[in-house]
Amino acid sequence: LKTKVQNLSGGERTKLGLFMTLVSEPDLILLDEPTNHLDLGSIAKLTALFRAYNEAGISIISASHVGWFLEEAGKDGVIEIEWNKKIGRKVVDSKSPYVKYVKNTARERAPVIEGEIEWFQKDYEYKKGVTVVEVQLQTFSIPNSPLKNVSMPSVTGGELVIISGNNGTGKTKLFERIVNPDTEKEGPRRGERVRIAYLPQFWPEDIAQGTVEDFFEWIRESATSKNDEGSSLRQETPARKWFMKIINSLEFGGASRVGEGWMNRPLRTLSGGEQRLLWFVAVSSLRNVDVLVLDEPTNHMDKTLQEKVAQAIRKFPGTVLLSTHDRNLFAALSKKMTEGGKNPKHLILSKTEGRTTITESKEPPIDYVNRTMTEAREDAKKFRI
């Protein structure tokens, strides 16, 4: 009870919010993206809780972008907000279950962006096989985390590494150690001239409350390596113009033309999915980013955006390390990253009695997901109110 909320993982924070909501003896429950940051097993158990609350006479309205969750949770009907350039927004109410409703081909589906994300680095001659994240010691520990005396393989150029594990196993702590160049030498460290673009689960508070301009500058500044010493990325004024050019070419958010005023727009006026997509667009405008470190990249995104981000990840010419609980993303990335490229490396974090171990799985990532979901559904049958 004395644990600080800021020290909880994203999934643990979501669980805490759900616990506080579900034990408040409600008549009506409103949930905005309740599956965000939750591991696959927890999502399956949440749907079992929904059934139990329904049987007790409690109504639930839940907004989500997770298709297989909606199939379970949306059996009594769907409320959809549609949008297009001609008529704006309208609300559609249907008593059809979600699984039937989404088969209606007449539904309006206006994408947030037109076209695909193209990397500025596509012509960058990336040195495949060079170590970009090195583990210098055989075992390492990360303070204030369950990662104690663990080991993991080093990461080389061009690899796709998927990191899986339940909430609270230390995935974010592991990413933060890799990204931060000023930590102790123990554990995984990026190469001195390796540039990493890091997509965290949560933006820093000052960035979240700032403008699109602040957001872009933060991304650009944080993508420098520790030895850049004010080099190209910090001084690269064309990057901002290129970023705006990309925003216009993609018609981001339905806008056919944005100018300087758009850069002063408060970031919070964009949806969660739009903000995370904007991160990818911003990074695509930078030169020579070697590694993407992505902590749940498709959170808040609908299926269309998820597909665009999955395609962007597969096309990135450098190294990608990512953590996700998105089944669709697992499926998309279980294939080779590019034609003639490597199969993804899959590291699983498992916690027992407060300590996490890291193992490299030979099982295809999507098979791991399907097995985990099946086991969770069986376990979820035990839930009763």
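What follows is a look at the inside of this chain, its cores and its cavities. The model is predicted, so to speak of local features takes a pLDDT of at least 70 and side-chain atom pairs count only at pLDDT 80 or more, while totals for chains, interfaces and linings use all residues. Residues are numbered from 1 along each chain as its sequence is written, and side-chain values use heavy atoms, with hydrogens and water left out.

The chain holds 14 helices and 13 strands (DSSP runs numbered from the N terminus: H or I of at least four residues, E of at least two). Of its 385 residues, 50% count as buried, meaning under 20% relative accessible area with a 1.4 Å probe, protein chains only.

The largest nonpolar core has 74 residues; such a core is a set of buried Ala, Val, Leu, Ile, Met, Phe, Trp, Tyr and Cys residues joined through side-chain atoms within 4.5 Å. Helix 11 (residues 272-284) gives this core its largest share, seven residues. Phe243, Leu278, Trp279 and Leu292 have the most contacts inside the core. Leaving out residues up to four places away in sequence, Phe243 touches Val212, Phe216, Met263, Leu278, Val281, Ala282 and Ser285 (contact: heavy atoms within 4.5 Å). Another core, of 24 residues, lies apart from the largest one and includes Val132, Val291, Val293 and Leu347.

As for empty space, the whole structure has three cavities of 30 Å³ or more, a cavity being a set of points on a 1 Å grid over the protein atoms alone where a 1.4 Å probe fits but cannot get out. The largest has a volume of about 50 Å³, the space filled by probe spheres set on the points. Among its lining residues (an atom within 4 Å of a point) are Asp39, Ser164, His325 and Tyr368.

Key:
1 Å grid on protein atoms, 1.4 Å probe; cavity = no way out; pocket = protein on both sides within 12 Å on 5 of 7 lines; lining within 4 Å.
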